[in-house]
Amino acid sequence: MKMNTFDTIVVGAGPAGSTTARELATAGARVLVVDRAKWPRYKACGGGVPLRTERMLPFPIDSVVEDSVSRMELSARGRMAFTKLSHGPFARMVMRDRFDALLLEQAQQAGAELRTETVIRNLDMNGNVHVRGDGFEAEAETLICADGAHSPVGRMAELGVGLAECAAWEVEVKSHPKQASVGEATALIDLGYNPWGYAWLFPKAELLSIGIVLAREEAGRLKPLVDSYLKRLGLEGAEVEIARGHKIRFRRGGELIASERIALAGDAAGLADEFTAEGISYAIHSGQLAARATLEALSGEGDLRQYQDSLEAEIQPELDAARAIAYMFYGMLKHAQRPWMLASKFTPFLWDSLFAVQRGESSYAREAKRGRALTATAIAMLRRQDRQQTA
Ligand SMILES: Cc1cc2nc3c(=O)[nH]c(=O)nc-3n(C[C@H](O)[C@H](O)[C@H](O)COP(=O)(O)OP(=O)(O)OC[C@H]3O[C@@H](n4cnc5c(N)ncnc54)[C@H](O)[C@@H]3O)c2cc1C
């Protein structure tokens, strides 16, 4: 079998992998992207791309935008609904097969090689990094595992151990004109699930993406809860194109996600936030950091462990702040649902802050600092909870 040699191999062609590959290829590195799926591939995802995510990309995504949302309707298990308006769109709605294909095309145009329908099954780390799949073998100086929340290759490298996780389920419902008006330019968010989580309806051109994200121990309730949400929306019996579940992982700080020659990016590293469970922006950001660390390592300046340091400085504070905000927000909902829904309805600060973060005009870390005393209490309580769990 012919051994192919590259500067870097990227496993996984989602947003994290294609961003890493595009940035590396643009800088002149020899990069191979390997993905097990036939491309373009479906990815269980709401396809909500906040404006801040779009702004991280150096090319337009208009060709794959299905709708833009500037309103959010909030409810608690269908009750106490109210709508909040952002000053301009706060998120684009995309179908992930088309969005991810656009990102990957940009990586290929920059010079990255692509090999799809290839599952990486083995990893050897003698000097260079060797990967093997059925009828395929390649080696490189460095490896980026952007292989999603299950991260099989990351596990082979013994990285990403101990990340927290939650469960999500999604259906894509065919929308005829009457149903489309249900979510036209409005994202629906249904709260009130224990101990935390929410159901959503995101409008697309021909489909409605409807799903739910819950704590891991609630995984068994995902499907029945989506069924009752569909019923509440009047979409019971609607034609379901695709229904799929997937886990989402969360990095809470300190977990090892890089060694000398191997680094995890995106979902593989648990880079989704615990307030909204979004991960595309962190996948893109971590891809940029992984490419930067790889280029330094390839030119003899340090190794990929510096990627973990830059992630601790640039991404982890945002994940930590989102976790503290989630702890306060969902905690209030759990203990005082009705008063908290009412307080939320009449507190513009809360939604203005969320929209500003989504539009890329603020960050969770900055917003958390504005409610400093509450955040500090939440962080102290979370630390105590973490200590009790590890004791
Ligand atoms: C139901 C649901 C809804 C979501 N909604 C949103 C949302 O609205 N907005 C948002 O920002 N985030 C959302 N997320 C999170 C978002 O989908 C992820 O954070 C994002 O896809 C991470 O990108 P990634 O590149 O790290 O991984 P992925 O997009 O998962 O890509 C990983 C790739 O690795 C490949 N792969 C895996 N193993 C191997 C192997 N052994 N060999 C070769 N290839 C392999 C896979 O085929 C896949 O293409 C949602 C997640 C779920 C589950």
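Two residues are in contact if their C-beta atoms, placed from the backbone, lie within 7 Å. Keep that in mind for the helix pairs in this predicted model. This briefing starts with helices α1 and α3, where seven residues of α1 meet residues of α3, among them Pro15 in α1 and Asp100 in α3. It then turns to strand β11, which covers residues 136-145, and ends with helices α7 and α8.

**Helices α1 and α3**

- Helix α1 spans residues 15-26 and helix α3 spans residues 96-110; they pack at an angle of about 20°, and their axes are 8 Å apart.
- Because angles under 35 degrees count as roughly parallel, α1 is roughly parallel to α3.
- The crossing in which α1 passes α3 is left-handed.
- On the α1 side, the residues to look for are Pro15, Ser18, Thr19, Ala21, Arg22, Ala25 and Thr26.
- Their partners on the α3 side are Asp100, Leu103, Leu104, Gln106, Ala107 and Ala110.
- Sorted by class, this contact of α1 with α3 contains seven nonpolar, four polar and two charged residues.

**Strand β11 and its neighbours**

- Is strand β11 mostly covered or mostly open? It is mostly covered, with seven of its 10 residues buried.
- Strand β1 (residues 4-11) runs parallel to β11, and seven bridges join the two.
- In that pairing, you can find Val10 opposite Ile144 of β11.
- Strand β10 (residues 129-133) pairs with β11 in the antiparallel sense, over five bridges.
- Here Val131 is the residue that stands opposite Ala138 in β11.
- β10 and β11 form a hairpin with two residues between the strands, and Gly135 in this hairpin has a positive phi near 65°.
- Strand β17 (residues 262-264) is also parallel to β11, joined to it by three bridges.
- Ile144 of β11 appears again in this pairing, now opposite Ala263 in β17.
- As you trace a strand, a general rule may help: in a regular strand the side chains alternate between the two faces of the sheet.

**Helices α7 and α8**

- Helix α7 (residues 280-298) packs with helix α8 (residues 305-314) at an angle of about 145°, with 9 Å between their axes.
- Which hand does the crossing of α7 and α8 have? It is right-handed.
- From α7, the contact draws on Ser286, Leu289, Ala290, Ala293 and Glu296.
- From α8, it draws on Gln306, Tyr307, Ser310, Leu311 and Glu314.
- By class, the contact of α7 with α8 has five nonpolar, three polar and two charged residues.

Conventions:
Residues numbered from 1 in each chain as written. Predicted model: local features only at pLDDT ≥ 70, side-chain atom pairs only at ≥ 80, totals over all residues. Buried ≥ 20, exposed ≤ 12 C-beta atoms within 10 Å, placed from the backbone. Helix = DSSP H or I, 4+ residues; strand = E, 2+ residues; numbered from the N terminus. Pairing = 2+ DSSP bridges. Axes fitted to C-alpha atoms, helices over the stretch in contact; angles between N-to-C directions. Parallel < 35°, antiparallel > 145°, perpendicular 65-115°, else oblique. Left-handed = near helix turned anticlockwise from the far one by under 90°. Nonpolar A, V, L, I, M, F, W, Y, C, P; charged D, E, K, R; others polar.
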